[in-house]
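Hi everyone, thanks for making time. I'd like to spend a few minutes on the empty spaces in this one, so have a look at the slide first.

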Amino acid sequence: MPPFFAPVNSAAARKRFNPRIFYVILMIVGSYKQSPACLTMKKALLLLTAIILLGGAVLFQLNAGRWQQLLSPPAETQPAEQPLLAAVYVHGEHATAHLLDGRRHTLTAIRINGGYAAHFFNDWIADHGLPLAELPLGEYALFVDDMPLTAATGYALSGYTLTRGGVNNYYRFYEREGRLWLNIAQVSELPEQVYDIIIDAGHGGGDTGAAAHGVIEAEQNLRASLYMAELFAARGLKVALTRDSELVPGPEGADDNPYLPDGRIDRIYLSAAKYALSNHLNASSPGTYRGFQIYSSVRCSNEWATAVADGLRAIGRIENNEGKGLIEHGTYKRHSYDNAEIPRDYYFILRESGGQELFPISYLHNQPHKAALAAQGAQTLLLEYCFMDNADELYLWQRDWQLWVEAVVDACCDYWGVE
């Protein structure tokens with residue numbers, strides 16, 4: 001039923017009805033009923049007019065409150081509460097602001113006196129946040145849904161973007177007068193303990209990984225990683241490794257627990273690297289599978305993984321599309337079913353290295369005092385170059401492994417905009 005014809009049930013509405021209007025209209029109608037000429041056209045029209053007036057009067061009286069509401073000027077609305085920052089998290093080279101209300105928002109960074117604005121939606125895609133490497137130098141005010149973003153007194157977070165052309169953006173989030181600001185400056189050299197990328201040679205120590213045809217995966221992973229580090233360094237990037245020998249990094253027990261101090265995951269965070277690559281060879285019974293597989297985080301886009309897959313295919317390497325979590329063309333995203341209420345990765349190297357944005361629960365459980373360090377994490381790819389238990393695949397790896405590693409490095413640099 002349309003609102004203006006809704007029944008009136010309130011006493012206030014019944015009070016608004018004026019019964020005197022009925023008396024006037026009924027007197028007109030009654031006078032024509034007593035006339036012998038009431039059937040003439042003229043009087044019939046008068047009667048119809050009276051009935052219409054009666055109906056309109058009833059409707060107007062019953063809905064007077066609604067008319068008053070429509071015709072009155074709108075009441076002043078209460079100002080919305082200003083959004084309050086919980087924390088800024090950086091994944092790779094993208095920043096995301098998390099608010100205390102827990103909701104996802106449209107965020108805007110406006111450069112002061114610069115006429116530049118960057119808009120981004122605070123969604124679940126970790127590498128679609130505020131692009132720290134693309135912002136022009138200057139100071140930025142941050143807004144949420146067109147309102148200034150407020151921050152706790154003394155809040156601060158800073159770091160560096162990837163080296164491009166011999167320089168890096170140095171970003172610094174800070175609180176001033178209760179609001180959150182961002183400053184982008186430029187430096188020509190990274191601090192001693194800060195790296196552009198970190199390369200992880202999968203397995204090692206007591207964990208040999210796969211083994212087939214007399215070949216040990218952990219040894220092949222290390223060989224590929226050391227060569228990859230040389231290639232990236234030749235491009236002007238500062239490179240770290242999680243291990244540079246057969247030993248697993250970290251204290252006793254790190255073979256089974258990569259979250260210990262100075263272990264594999266800890267080294268990724270301590271390097272402050274923006275990107276990480278974890279090198280592996282695959283194996284799957286009955287030893288007939290072929291091709292590469294590239295895994296990226298379920299919280300990230302597939303763009304970087306696709307770029308690397310394209311680079312491998314360009315040199316004739318085939319893809320494998322038979323694993324769990326296939327996206328397309330040999331690229332994968334595999335979900336964990338632990339803590340399934342939030343999107344998390346199956347592979348620990350993706351899940352735990354990506355910073356607070358990717359919920360590194362196991363790392364922070366082992367080292368809860370490093371929550372601030374984990375505010376910034378690396379964007380990581382896990383590379384499976386071949387199925388080494390397939391003799392034909394293993395032969396190709398031993399013959400062409402350097403070519404494959406070079407293709408990965410070229411694809412990464414092209415994607416990052418590194419010459």
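So, what volume does the second largest pocket have? About 250 Å³. Before I go on, remember that this is a predicted model, and everything I quote is computed from it.

Let's stay with that second largest pocket. Its lining has 19 residues, and the ones closest to its centre are Ser 158, Tyr 269, Ala 272, Leu 373 and Gln 376. If you want to find it by secondary structure, look for β8 (156–160), α6 (264–271) and β19 (376–377), since each of those supplies at least two lining residues. The largest share comes from β8, with 4 residues. What about the class of those lining residues? They divide into 13 nonpolar, 5 polar and just 1 charged.

Okay, now the largest pocket. This one comes out at about 420 Å³. There are 26 residues around it, and closest to the centre you'll see Gly 202, His 203, Asp 207, His 280 and Phe 348. Which elements each supply at least two residues of the lining here? That would be β15 (275–282), α8 (348–351) and β20 (379–387). Of the elements, β15 gives the most, with 4 residues. In terms of class, the lining of the largest pocket has 12 nonpolar residues, along with 7 polar and 7 charged. Put that beside the second largest pocket, where the lining has 1 charged residue.

Those two are pockets. Let me finish with the cavities. As a general point, rolling a probe the size of a water molecule over the atoms shows where empty space is left. How many cavities of 30 Å³ or more does a search of the whole structure find? The search gives 4. I'll only talk about the largest cavity, which has a volume of about 80 Å³.

Which residues line that largest cavity? On the screen, you can pick out Val 88, Ala 95, Thr 96, Ala 97, Leu 107, Thr 108, Phe 120, Leu 130, Leu 142, Phe 143, Leu 149 and Phe 173. At least two lining residues come from each of β2 (94–99), β3 (106–111) and β6 (138–144), and β2 gives the most, with 3. By class, the lining of the largest cavity has 10 nonpolar and 2 polar residues, with no charged ones.

That's my tour. Happy to rotate the view if anyone wants another look.

Terms used. Residues numbered from 1 in each chain as written. Predicted model: local features only at pLDDT ≥ 70, side-chain atom pairs only at ≥ 80, totals over all residues. Heavy atoms only, no water. 1 Å grid on protein atoms, 1.4 Å probe; cavity = no way out; pocket = protein on both sides within 12 Å on 5 of 7 lines; lining within 4 Å. Points joined across faces, edges and corners; volume = space filled by probe spheres on them. Nonpolar A, V, L, I, M, F, W, Y, C, P; charged D, E, K, R; others polar.
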